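User: I would like a close look at a single strand in this model and at what lies on either side of it. Please then place that strand in the wider chain.

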Amino acid sequence: MAIVFAVAILARVVFNLSLEHRLCHFGDAFFFLTSGAQLLIAIKTGVLLHLSDLHAPASLGLQAMQSVSFADRLLIDGPVYPAYLAIIQCVIGLDPATSLFDAHTIQLSISNSLLDACACLLIYQMGRLAFDRTTGFIAGLMAAVYPAAILNTASCYSEPFSYFLIALWLPLLLTCSLRHIGKVAQLSACLATGVCTGLVILAKPIFIALPPMVALVIFSSWLLAWERRRPAGLGGRLTSRPYNQREFIRRIRKAVPCLVLVIVGALITVAPWVYFTGVVTGKPTLIVNRYPAFNLAMGNRLDSDGWRQYPMPPMSGNIKDVLKDIQNDFAGAPADYAAMQIRKASRLWAGSWNNFATTFVLSPEEQDCVQQWLLLSGLCGLLFALSKFSLSTRQGKSAIVLAVVALLHCIYIAFEPQSRYAYSAMPCVITLAAFAISFLFRSDTKLRLRTAVVLIAGLAFIVFKRFSPSIISLIHPLVTNQSVLFIDAALWIVAWSAVVLMIYRCTQGLAARTTLAAFWLAISANLLCSSLYSENRYEAKLTISEAKPANQSINIADGDQQPKYLLVDVSSNSMSPAVVALINGRELAPPLPWWQVSANNQELISALSVQAHGMGRSIQSFRQWWVFSIPQDALKAGSNEVSICKRPGFAGDVTLFADYPLAYSGGPVGAAPCAARMAHGATPTTKASGTLARSDAASRPYSGSSKAWLPSLDGASWTKAFSSVFRNEPRIYSQMDVTPERAAAALKQTDPVPRVFIVDTAPNKNAVGNPEALTLTKDTVAVDGSYPPSFFLTPMSAMTLPQHLPPASRFRLCADVQAPKQPTNAFASVSFTASPHGKPIQWTSPWQPTSSRVTKTWSPWDFGDQIPADILDSPDAKVTVTVSPFAADLLFLNKKQALKRSISMKNVRLEFSPGNSYPSPVANPILR
């Protein structure tokens, strides 16, 4: 046990001390911390003694989720995790009246690390009680180095505490059934189990089903032990056993006090909560309401493929309306809808919980491989236990209980599944996986060899599938219809069938066969649905360079004088894409993110800005559409040659995304517009026939009917990009209009079709003014972490903005940067101040990067945004440009390391452009 605890606490402390960004307060963690602070204030001020004063109409929907009032927060978050946070905040001396939780990042992360290290000890105890000491030791070590457990000690989500409660509850439950302990110890364990059962029920809404489900398993195993004919193993032969009625009655009488103590302990825990909800809301309730209507609606929208979408579409907070929407979606497109539900299983289980794409020893993709291998090993452990032990034995009963607790989390598939929601099931999965490994030490030589082959081959297959290129990329020139997708899915199904066959060779019995058959059907259905319905399966990646540009010929009609811009789907590992675009040999000005110039995107930018801050990145480094402004005289009637290449001198990779030109056949399989959803104000994308956007599911990416499946211009999902195994990009795929000429040309190609389009724009009203650039320095300057004055690229008293900048003017900071000593994460800030109407204001762009990677080679560095009207209208507007050679949080987390860092900069300039420099996009552009 000491080894397990030492490894666990060392790994977590080393990780948290190596962080350069404070993560404890991002996303839902802020609201949980606020709940704990509000509860601590309520305890100190005696509010809990006057609950009647809190009675008020409860907030609804998102208002309740984002409220910071004591009653709303406690009703939404429940009493268990906020109570833990209240205790921690009291111990570390955090002032609950302030919201500066990030100032106590280190204390909070160390507290979380201690809790998680204790969970590793409990998992050790779980494995020891369920199976044996070897299993317990392996399970404890696996939990100690489990990547998701280490990474999430830096934040304050409720799932790690639920993980701890499950790891505490199950050993207590198993201890109650031990026969060799004394009566007093057993009754004490039963009371403790009851108290912990109450905590588990209040920790998560779905956990209310755990006690009855586990009780059913225990009662069934207990009855089976006293049947006249008891099976020697699940699915095995039956053996006779004499029935002793007196012994049976004695056992029941002995169990009654234990059961009563469990119930009493649970009631002691849940009674205060039921009283609180009754007084505050007027309706006593046991379940913690986490607003299921919202998650149900977001996770079942067919037009967003079940992803949480920003900007959020109009939706009802009434569960009945949400269910009606779901019913209409299913009735209109049952095949599409069923496929979406099957794919959601992968979103819940297949990805490691790593919201901020953090690398610690393993990359996020490698962590996903570990997660999937644990799931496969856990399945093997369950099958080995079912084959070797009867349900009436301690091992067989424990294996079923662990499986039941883990499988209960599949309920989240019906909502909006994220990898974090399955996290509290991992103590059970890890314990079963440990039993599979310990099976190597207890079997005969032949079975031991087979088990080793299963575990090693399973890991090799998972790694290969995660990092291998798409099979479509290898065979698409040979097959030009939808059969290529069936071939892709069939090859992976055959590979998984081999793994299932190897597992079967290690097991026996009816239960093992049934479980294997169910697993094979589930994985086959998932692979098939992923191949046939996931849009990014048709996606190609083109690595471009100066010597290897991506070329595209685009036609412009004669007499077309509408302003235009170039739209490119590209990404690179820099603050902005290091790409150069040429039209007919003429180089275009550097691009801007589409989201930055499009309208009604504040909610999306806010969501992605929070994510970028937590990751220590720029929103610009996320994969997205980029816009190049096209001078009108650069285009000509007829064919226009577009060339996209890497910027000279850039050392990183640049990827341009493309589509495989597969010609699919088949008719519409979509749904009619959902009447209930349209009644709420939503406007689904429609075809001429009136069907939903997904109606061309059988004819993509280019169908020849002027439609193409492409990443959306206005819809993105934080969940998709950062909270599941699908870590490709935040955008949601949707059907977009393409000119018939482009669609016809794409279908004739054999090579991938680059996602490079020319799009019309709306006339720009701010077409006055000339670009102006302020050169801050051409010479190479050093920014030294130990010398703060070197951070200021403008005078420390700020610099006055150029006069008479037109409305909607933009700023852009450009520079070349280098880290002469060692690579570092640098921070840049362009801060505007003004006093319109005598009221001082300060503004920094949400696109401002938290930090950007600077290497030993010179690389371009730039970002910008539109300046608010309040700043432009103020005569005293000023701007301050600062750069530091470290992320801002590092100065707090590791001051000594921050002071040692430095970067070099040259060609630093601050540009101001009038609003007409980039055109205004049209609402529904047609892509050429």
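Analyst: Strand S11 and strand S14 (residues 753-754) are joined by two bridges and run antiparallel. In this pairing, aspartate 659 has valine 753 of S14 standing opposite. The model is a predicted one, and the description below should be read with that in mind.

S14 is one of the partners of S11. Strand S3 (residues 539-543) also pairs with S11 in the antiparallel sense, over five bridges. There, threonine 543 is the residue opposite threonine 655 in S11. Strand S5 (residues 564-572) is joined to S11 by three bridges, and these two strands run antiparallel as well. In that case serine 571 stands opposite threonine 655 in S11. Threonine 655 therefore appears in both pairings: it faces threonine 543 and serine 571, with a pair counted only where there are at least two bridges between the strands.

Now the side chains of S11. In a regular strand, side chains alternate between the two faces of the sheet. In S11, Val654, Leu656 and Ala658 point one way, while Thr655, Phe657 and Asp659 point the other way. Is each set buried or exposed? Both sets are buried. Put in terms of the whole strand, six of the six residues of S11 (residues 654-659) are buried, so the strand is largely enclosed by the rest of the structure. Buried here means under 20% relative accessible area.

A second sheet gives a view of strands at an edge. Four strands form an open sheet in the order S4-S10-S6-S7, with antiparallel pairing. Strand S4 (550-556) and strand S7 (586-587) are at the edges and have a single partner strand each, so one side of each has no neighbour in the sheet. The partner of S4 is strand S10 (residues 638-646), paired in the antiparallel sense over seven bridges. Within this pairing, isoleucine 554 lies opposite asparagine 640 in S10.

Burial is also found among the helices. Helix H4 has eight of its eight residues buried, so H4 is largely enclosed by the rest of the structure. The buried residues of H4 are Phe70, Ala71, Asp72, Arg73, Leu74, Leu75, Ile76 and Asp77. Just after H4 comes glycine 78, which takes a positive phi of about 80°.

One of the elements that H4 meets is helix H2. The axes of H2 (residues 28-45) and H4 (residues 70-77) come within 9 Å and cross at roughly 125°. That angle makes H2 oblique to H4. The crossing of the two helices is left-handed. From H2, the residues Phe31, Phe32, Thr34, Ser35, Gln38, Leu39 and Ala42 meet Phe70, Arg73, Leu74 and Asp77 of H4. By class, the residues of this contact divide into six nonpolar, three polar and two charged.

Another helix pair is H6 (residues 105-130) with H18 (residues 426-438), which pack at an angle of about 50° with their axes 10 Å apart. That makes H6 oblique to H18. This crossing is right-handed. The residues that meet are Ile123, Met126 and Gly127 in H6 and Pro427, Ile430 and Thr431 in H18. The contact of H6 with H18 has four nonpolar, two polar and no charged residues.

One residue of that contact can be followed further. Threonine 431, located in helix H18, counts as buried because its relative accessibility is 0%. Leaving out residues up to four places away in sequence, threonine 431 touches Ile123, Met126, Gly127, Phe131, Thr135, Ala139 and Leu402. The C-alpha atoms of threonine 431 and methionine 142 are separated by 8.7 Å, although these two residues are 289 residues apart along the chain.

Last, the chain as a whole. The chain holds 30 helices and 26 strands. Of its 928 residues, 57% are buried. Among contacts between residues at least 6 apart in sequence, 81% join residues at least 24 apart. The pairing of S11 with S14 described at the start can be set in this context: two bridges join these antiparallel strands, and S11 is largely enclosed by the rest of the structure, because six of its six residues are buried.

Technical notes: Residues are numbered from 1 along each chain as its sequence is written. This is a predicted model: local features need pLDDT of at least 70, side-chain atom pairs count only at pLDDT 80 or more; totals for chains, interfaces and linings use all residues. Side-chain values use heavy atoms; hydrogens and water are left out. Axes are lines fitted to C-alpha atoms, for helices over the stretch in contact, and angles run from 0 to 180 degrees between N-to-C directions. Angles under 35 degrees count as roughly parallel, over 145 as roughly antiparallel, 65 to 115 as roughly perpendicular and the rest as oblique. A crossing is left-handed if the near helix is turned anticlockwise from the far one by less than a right angle, and right-handed if clockwise. Contact means heavy atoms within 4.5 Å. Ala, Val, Leu, Ile, Met, Phe, Trp, Tyr, Cys and Pro count as nonpolar, Asp, Glu, Lys and Arg as charged, and the others, Gly among them, as polar. Buried means under 20% relative accessible area, exposed over 50%, partly exposed in between (1.4 Å probe, protein chains only).
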